[in-house]
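This report describes a protein chain first through two of its loop residues and then as a whole. Please keep the sequence and the model in view while reading.

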Amino acid sequence: MTNIKLNIKGSNKFVFAKEIEKIQSKIMDCQNTVLNKSGKGKEFLGWVNLPSKTEKKLLDEIISTANKIKNKAEIFVVIGIGGSYLGARSVIEALKNNFDHLLKQRENPLVIYAGQNISEDYLSELLKILDKHDYALTIISKSGTTTEPAIAFRILKKHIENKYGKEDARNRIIAITDSSKGALKQLADKENYKTFVIPDDVGGRYSVLTPVGLLPIAVAGFDIKKIMEGAKLMEEFNLNNNKLDENPILLYAAIRNILYLKGKAIEILINYEPKLAFFTEWWKQLFGESEGKENKGIFPAGANFTTDLHSLGQFIQEGSPNIFETTIFVDKPENELKIPESKENLDKLNYLSGKNINEINEKAFQGTYMAHVDGNVANIVISIPQINENILGQLIYFFEMACAVSGYYLKVNPFDQPGVEKYKKNMFKLLGKH
């Protein structure tokens with residue numbers, strides 16, 4: 001049984017039972033298209049069975065490699081862009097201490113990122129940090145020629161070789177790339193780098209449950225076997241439940257598409273835990289690249305509450321009526337902290353004395369939910385009991401499957417991204433590439 005609960009009561013003013021009933025057979029057909037791997041982009045549906053088909057041998061090899069990195073590096077640099085880093089970062093940020101970067105004594109390397117931008121200042125400042133610390137890196141790219149990570153790797157390869165010598169540097173570089181072709185595979189073979197394979201049938205934004213995501217997560221000290229167990233649980237649940245009233249994946253896909261047909265073209269993914277901010281970034285890429293084509297699709301946005309209630313809250317409450325919200329709410333935090341009583345009570349908060357911070361956070365969520373629904377903003381709530389590896393594995397598979405089903409419902413190919421290539425062609429032309 002899955003730990004993820006879906007509450008659609010906040011959409012009842014906008015979505016009616018007869019509309020859900022009407023859409024059910026089509027959503028079920030879309031689910032079957034995904035499971036049977038028979039639709040557009042079927043050559044990139046390897047992620048569907050990844051949790052159940054990933055062998056223990058591969059997970060053990062990833063863990064062993066991560067342990068070797070831990071023995072020689074204070075910092076682990078993940079070089080990649082888009083799905084080549086967002087999945088790993090979303091999980092690491094969700095599981096780590098909020099102030100992990102300030103800890104002086106660490107059991108695991110600090111995972112940082114490069115190749116996700118083309119900022120000269122970012123790379124220059126990164127090199128100054130790496131001058132002072134032992135590090136290792138992974139370069140993640142199927143081709144090895146994607147501009148942003150290729151530039152970062154060229155610079156960091158030179159730096160790590162100058163710092164440690166070519167022989168030692170080889171043992172500090174891991175390539176995650178194609179099994180047989182591409183510039184990075186060719187270089188990895190020539191330099192004898194440790195390599196892991198990105199499966200041919202898994203696209204970047206669906207690759208978090210491959211070595212692309214699992215190696216950095218393991219280096220950061222988290223249990224990748226539990227992540228895969230959670231994802232496998234959700235895979236099996238989805239396989240055995242094909243009706244909307246029993247499968248929250250399908251119900252979520254249905255509700256968001258009914259809302260879209262009614263003019264709700266922007267979905268804001270909300271969290272009330274800062275640790276989930278980067279999970280939202282992964283979700284934005286997943287849905288944005290999968291659905292946004294052929295002049296169709298729901299625009300994926302994100303907000304961190306209650307922080308952003310003091311900036312975006314006014315617009316959501318009373319602005320353009322084309323927004324709906326999906327909230328991921330965590331039932332139980334890892335820690336417990338109560339508000340103390342104050343003799344002076346100058347801040348007038350003694351009415352909260354003795355209450356847990358989470359109780360107040362929950363009431364803030366409930367109050368916001370009520371206000372936004374009253375303001376004609378449809379709300380979907382996804383509840384998870386806590387943030388841990390197993391739950392995150394479930395949540396990753398939940399959104400991957402919902403995204404694929406939604407894409408097929410929109411009659412687009414959820415697994416290509418032709419629009420991304422257009423900016424690259426313009427950039428190459430401006431740079432004089434022939």
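Contact here means heavy atoms within 4.5 Å. The model is predicted, so that local features need pLDDT of at least 70 and side-chain atom pairs count only at pLDDT 80 or more, whereas totals for chains, interfaces and linings use all residues. Residues are numbered from 1 along each chain as its sequence is written, and side-chain values use heavy atoms, with hydrogens and water left out.

Leaving aside neighbours within four places in sequence, Thr54 is in contact with Leu59, Leu209 and Met228. The side chain of Thr54 also reaches the backbone oxygen of Leu50 at 2.6 Å.

The table sets Thr54 beside Ile118; helices (H or I, at least four residues) and strands (E, at least two) are DSSP runs, numbered from the N terminus, and buried means under 20% relative accessible area, exposed over 50%, and partly exposed in between, with a 1.4 Å probe and protein chains only.

| Residue | Loop between | Relative accessibility | Class |
|---|---|---|---|
| Thr54 | helix H2 (50-53) and helix H3 (56-72) | 17% | buried |
| Ile118 | strand S3 (110-114) and helix H5 (120-131) | 48% | partly exposed |

For the protein chain as a whole, there are 16 helices and 10 strands. Of its 434 residues, 51% count as buried. The C-alpha atoms of the protein chain fill a box of roughly 65 × 65 × 45 Å, taken along the principal axes. Among contacts between residues at least 6 apart in sequence, 80% join residues at least 24 apart.

Conventions
A polar contact is a pair of N or O atoms within 3.5 Å; within protein, one must be able to donate a hydrogen and the other to accept it, and residues adjacent in sequence count only if both atoms are side-chain atoms.
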